[in-house]
Amino acid sequence: MTCFKYSPSKLKFFFFAVAFVIGFINTYFSRYAVDFDGMANIDIAEELFNGNPKSVFISYWSPLYPIILGSFFYLFKHSPCWESIFVHFINFFIFLISFFSFTFFLNELVKCQKQKQKEKEVLKLGLNTLPEWALITLGYSVFIWTSVSLITISRIMSDLSAAAIFYFISGLLLKIRLGNTNWFLFILLGFAFSCFYLAKLSFLSLVFLFLFLCFFMGVNLRLMLPRVLLSLIVFLVLISPFVFLLSREKGYFTFGDATKLNYIEEVTNEITICPTSMNYIPQLSNLTHPVKKIYASPAVYEYSTPFKVTYSPYYDPSFWWHGLKTKFDLMGELRAIKKNLPIYMDLISYMQIVLVGLFMLFFISSRGILCLKDIFEEWVLLVSTVVPILMCSLIHAEFRYFGAFVPVLILALLSALKFNNYKAFKKAILCLVSMVIVFFLSTSIVSLDILSNIKNNDAYKDWLVSLELKKIGIKKGDKAAVIPGECDVYWARLAKVNIIAEVSLEDYEMFWGSSSLIKSEILEAFKRVGVKVVLAENPPVKYITQEGWINIKDTSFYYYVL
């Protein structure tokens, strides 16, 4: 670093170029990846684009992401064959927005570092904080890695947009920490909170955590109280129309049901599950909208109403789960924590280089027990990241849920570093920073997510299935049924057909082993509910060849026209 003149703007531009290239590579190799979560978001966006605003008032899915997709659908027309590519490049655009949002946070953190260098204790003892170039370099490296490997650009989900808003909120919190008490700043904070909630309904509780932190960040509590209340009022005013319309649509007051349904599924152990191929639908007598069982054994389920979408149970799980009551389950909580523990162990394993690097930096700082005091000074960022990361363990943890909090947490620890003799440790810092950069950027370019998408690239197969359905006269809006196997149904989205019935996943082998009479009765049951074509993927060949199923060339799909 001493060989050339350091320029923050050039360093940031370099990492923007790196982020652009890595993000583009990930987007390119995942351009055909559409899972069931993604398909639901695309369905909601299309409904919105087609003039049905009620589609965003689904208490399970967060509305902001489908609104973004729907806006792009409205502005840029696209054919079905380009849909997945188009949506993935929208994700790439959101990733770039999150880069600039993270840059805003990083700029504020650098300002905090510079202010820290002017503190009396630092000047008196001749202490040095981590140099700006190291903070920026490590920050962007971790950001790129978490975006690609934890949150993932390939998932057609709201996590990237929620991450971008969280980085912006973290930057605003640092502005307040620097002593900025401008009223407009707190209005902007309330607006950011409302966007954060709409991007991820399950993060509602975090908004109140951030408000609590704001209150104690100022020196004068009397000065902070009206400003924090202003942020709260702006937040409540902005989300009130959505909450009102959502509650009216659902028939009960709600801020969103994602946390409730996840709690029932992951923690409570008192429900019977209908083993459909693509989603778990509860089977209890107290359900408001129970799924219909149209054949007993093998079990066949039908769900044609009320949604006319690709796959109804996943479009709005809250509709099918309505009627279930939640109650605290201590043993269930302990089971959930035990089940989620490996996720956290995997995270620690993936980040072992940066954790070892952090430990070594604190060790060579020669601050001893005072390191704890230095870390505590970053309590705002630590609380705003550690709490949400640990909260996931209580119900269900996935990397994408807390991926946005990881880079902020690491930067909080890095900014806590203070060195007694910086010159003596310059080479060690440079070595450690270089090692961490190489690790993060290399694992971002060749991430497991990319390898998985390359291996499972089945877009051509889905497109062949949709073309074959059009050839045999299946039109947009026609009804289809599936006999589970691989459970890949993006072909239905491409063909614009609605899957309304299926054979139970558990009874898949029973169906194929049944007599011709039972199979004909099940096919007739499909026909009675309006199904025009039945599809099966990778069925047992010995049964297929005997009973008139037709193979779709160059795929493992077979169909039966009713």
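**Helix packing around H19 and the setting of Asn-41**

The axes of helix H4 (residues 83-116) and helix H19 (residues 405-415) come within 11 Å of each other and cross at roughly 15°. Angles under 35 degrees count as roughly parallel, so H4 is roughly parallel to H19. The crossing of H4 past H19 is right-handed. These values come from a predicted model.

Side by side, the two helices share a set of contacts. On the H4 side, the residues are Phe-102, Phe-105, Leu-106, Leu-109, Gln-113 and Lys-116. On the H19 side, they are Pro-407, Val-408, Leu-411 and Ser-415. The residues of this contact between H4 and H19 comprise 7 nonpolar, 2 polar and 1 charged.

Helix H7 (residues 159-177) also packs against H19. Here the axes come within 10 Å and cross at roughly 30°. H7 and H19 are therefore roughly parallel to each other. From H7, Phe-166, Tyr-167 and Ser-170 take part in the contact. They meet Phe-405, Pro-407 and Val-408 of H19. The contact of H7 with H19 divides into 5 nonpolar residues, 1 polar residue and no charged residue. Pro-407 and Val-408 of H19 thus appear in the contact with H4 and in the contact with H7.

A further site concerns a single side chain. Asn-41 is placed in helix H2, which spans residues 36-49. Is Asn-41 buried or exposed? Its relative accessibility is 2%. Buried means under 20% relative accessible area, so Asn-41 counts as buried. A polar atom of the Asn-41 side chain lies 3.3 Å from the backbone oxygen of Ile-156. Ile-156 also belongs to the residues in contact with Asn-41 once neighbours within four places in sequence are left aside. The others in that set are Trp-61, Tyr-65, Pro-66, Leu-69 and Met-157.

The whole protein gives the wider setting. It holds 26 helices and 11 strands. Of its 562 residues, 55% count as buried. Among contacts with a separation of 6 or more, 76% join residues 24 or more positions apart. The contacts described above include examples that link separate parts of the chain: Phe-102 lies in the H4 set that meets H19, Phe-166 lies in the H7 set that meets H19, and Asn-41 is in contact with Met-157.

Technical notes:
Residues numbered from 1 in each chain as written. Predicted model: local features only at pLDDT ≥ 70, side-chain atom pairs only at ≥ 80, totals over all residues. Heavy atoms only, no water. Helix = DSSP H or I, 4+ residues; strand = E, 2+ residues; numbered from the N terminus. Buried < 20%, exposed > 50% of the residue type's maximum accessible area, 1.4 Å probe, protein only. Polar contact = N/O pair within 3.5 Å; in protein donor to acceptor, adjacent residues only side chain to side chain. Contact = heavy atoms within 4.5 Å. Axes fitted to C-alpha atoms, helices over the stretch in contact; angles between N-to-C directions. Parallel < 35°, antiparallel > 145°, perpendicular 65-115°, else oblique. Left-handed = near helix turned anticlockwise from the far one by under 90°. Nonpolar A, V, L, I, M, F, W, Y, C, P; charged D, E, K, R; others polar.
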